[in-house]
Amino acid sequence: MSASHKSSHSQWSSKIGFLMAAVGSAVGLGSIWKFPYMTGDSGGSAFVIVFIISIALIGFPVLVTEWLIGRRGQSNPAASFRKAAIANNTSPAWSILGYSGILAAFMILSFYSVIGGWSLNYTAKAGMNAFAGLNGDATGAIFTDMLASPMEMTIWHTIFMGLTAFIIANGVSSGIEKASKILMPALAIILLFIVGYNAVNMEFAKGVAFLFKFDLARMQEVGVGKVLMAALGHAFFCLSLGMAIMVSYGSYLKEDVDLLSTARTVIIWDIIFSLAAGLAIFPILFSNNLDPAAVPGLVFVTLPIAFGQMGFGVVVGTLFFLLLTFAALTSSISILEPIVEFLEERTPMSRKVCTIVGALATWAVGILALLSFNELKDFAVFTIVKGGKEIPQGIFDALDYISSKIMLPITGLGTIILMGWFMNQQAIKDELGMSDTAWSIWQIIVKFIAPIGIVAVFLTELLG
Ligand code: TRP
């Protein structure tokens with residue numbers, strides 16, 4: 001039950017290291033293939049404004065709450081929630097939020113590593129000029145051939161999980177923090193390079209227009225309610241909330257870190273990276289007369305056509321997939337961390353052994369997930385009904401559905417309710433160092449707006 005076998009709880013060695021790790025967690029596959037398209041398709045900068053408001057109302061308060069509970073607990077997420085509850089004279093059963101977060105992280109990591117593997121695989125393919133001169137049918141065939149091959153996917157999934165585990169095994173400051181300090185600047189440099197290349201060689205203006213044009217008419221066309229829900233949903237998911245990650249990252253934080261300003265910085269960088277990803281993708285698509293879309297097919301099928309046709313396509317293509325891999329890796333390590341922190345504190349095993357156990361278990365579920373594209377293709381865990389249509393959910397889809405659509409929002413909702421309604425408010429106000437005005441606004445957001453927003457996201461994701 002206790003962490004007594006550990007001499008002391010780990011700490012981030014620097015604020016900048018923690019910041020990079022948190023931004024690295026947020027900027028992931030979702031930010032690169034979903035956000036840019038969502039923006040371009042839902043009103044450009046008008047959408048960006050809606051998104052910023054959404055993130056202020058939902059993402060921001062939940063992020064701050066997760067860090068605060070983690071920092072106070074200085075323990076794994078389940079124990080931190082338990083401590084927060086007990087210290088505030090409420091039921092220790094709130095620790096269920098820690099368990100559900102860890103379980104969601106486990107489920108997400110299993111399929112996330114499979115996609116991380118695709119990304120590594122495509123880095124190698126791009127490097128070997130495998131897309132040269134191909135049309136859409138041919139790049140589509142490369143993708144479907146990969147999905148049809150358990151062997152090919154297993155190899156890359158294994159390498160990706162191995163990399164994730166290697167970083168995590170090294171601990172918080174010499175693992176996560178060190179890796180983030182290398183990978184995040186590398187990510188920024190690659191991104192700048194591709195955007196720069198696009199500015200010179202591609203139809204940059206078209207890409208900029210798609211992404212930034214203030215287009216209220218387009219937003220109304222898609223439906224303001226729908227756009228709002230999408231923005232709220234992404235504001236929650238993109239910050240890696242509801243999956244114990246930020247509670248775990250918070251548990252390595254010192255008292256002197258200003259949670260409010262750090263959360264603001266993480267959010268600003270997440271938006272900058274996501275928008276820059278759009279500037280890396282859309283000009284290339286538009287210059288090659290290709291259509292954007294918000295599906296994995298965008299990066300794994302459509303973009304390779306362009307890489308195979310454009311000048312320096314090998315270089316730009318390889319760098320692009322490397323960028324995607326780095327983004328996935330800094331997120332996957334953050335997803336493994338709460339699992340390992342939990343095992344470390346609950347078992348006598350060393351961090352290295354805990355990492356191997358955690359990674360192996362997720363890896364094994366990942367194998368089941370990748371088999372659902374081939375050998376287990378016809379096996380559905382359950383069927384969901386969407387828009388009157390029955391959609392069977394294979395293992396991969398089911399893991400995603402149960403974790404992201406159900407567990408994450410419920411855990412996030414519980415977290416914000418615990419903070420707003422059950423914890424000592426004066427102590428939180430002092431800890432966050434808020435002025436009276438800021439505090440009044442915060443209270444309204446935390447007590448009412450954020451919970452209602454999360455419920456709305458949950459219901460639209462579930463029923464929509
Ligand atoms: N924020 C990361 C990303 O955009 C990781 C992440 C958070 C995630 N929540 C998720 C991944 C839900 C899959 C599903 O990729």
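**The ligand shell and a nonpolar surface patch**

In this predicted model, helix H2 supplies the largest share of the shell around the ligand, namely three residues. Helix H2 spans 29-33, and it is joined by helix H1 (15-26), helix H6 (96-127) and helix H18, each of which supplies at least two residues of that shell. The ligand has 15 residues around it, of which Ala26, Leu29, Tyr112, Phe237 and Cys238 come nearest. By residue type, the shell divides into eight nonpolar and seven polar residues, with no charged residue among them.

Several polar atoms of the protein can be placed relative to the ligand. A polar side-chain atom of Tyr112 lies 2.7 Å from an oxygen atom of the ligand, while a backbone N or O atom of Gly30 lies 3.2 Å from a ligand oxygen atom. On the nitrogen side, a polar backbone atom of Phe237 is 3.3 Å from a nitrogen atom of the ligand. Of the 350 Å² of accessible area that the ligand has on its own, the protein covers 90%.

Helix H18, which contributes to the ligand shell, also takes part in a feature of the protein surface: H18 (395-422) and helix H20 (436-463) each supply at least two residues of a nonpolar patch. This patch, of about 600 Å², is made by Trp421, Phe422, Ile444, Phe448, Ile449 and Ile452, and H20 gives the most to it, with four residues. Ile452 is found in helix H20, and this residue counts as exposed because its relative accessibility is 57%, where exposed means over 50%.

Technical notes
Residues are numbered from 1 along each chain as its sequence is written. This is a predicted model: local features need pLDDT of at least 70, side-chain atom pairs count only at pLDDT 80 or more; totals for chains, interfaces and linings use all residues. Side-chain values use heavy atoms; hydrogens and water are left out. Patches are made of residues with over 30% relative accessible area and no salt bridge: like charges are joined within 9 Å, nonpolar side chains (Val, Leu, Ile, Met, Phe, Trp, Tyr) within 5 Å. Accessible areas come from the Shrake-Rupley method with a 1.4 Å probe; for residues, only the protein chains shown count as cover. A salt bridge is a side-chain nitrogen of Lys or Arg within 4 Å of a carboxyl oxygen of Asp or Glu. Buried means under 20% relative accessible area, exposed over 50%, partly exposed in between (1.4 Å probe, protein chains only). A residue is near a molecule or strand if one of its heavy atoms lies within 4 Å of it. A polar contact is a pair of N or O atoms within 3.5 Å; within protein, one must be able to donate a hydrogen and the other to accept it, and residues adjacent in sequence count only if both atoms are side-chain atoms. Ala, Val, Leu, Ile, Met, Phe, Trp, Tyr, Cys and Pro count as nonpolar, Asp, Glu, Lys and Arg as charged, and the others, Gly among them, as polar.
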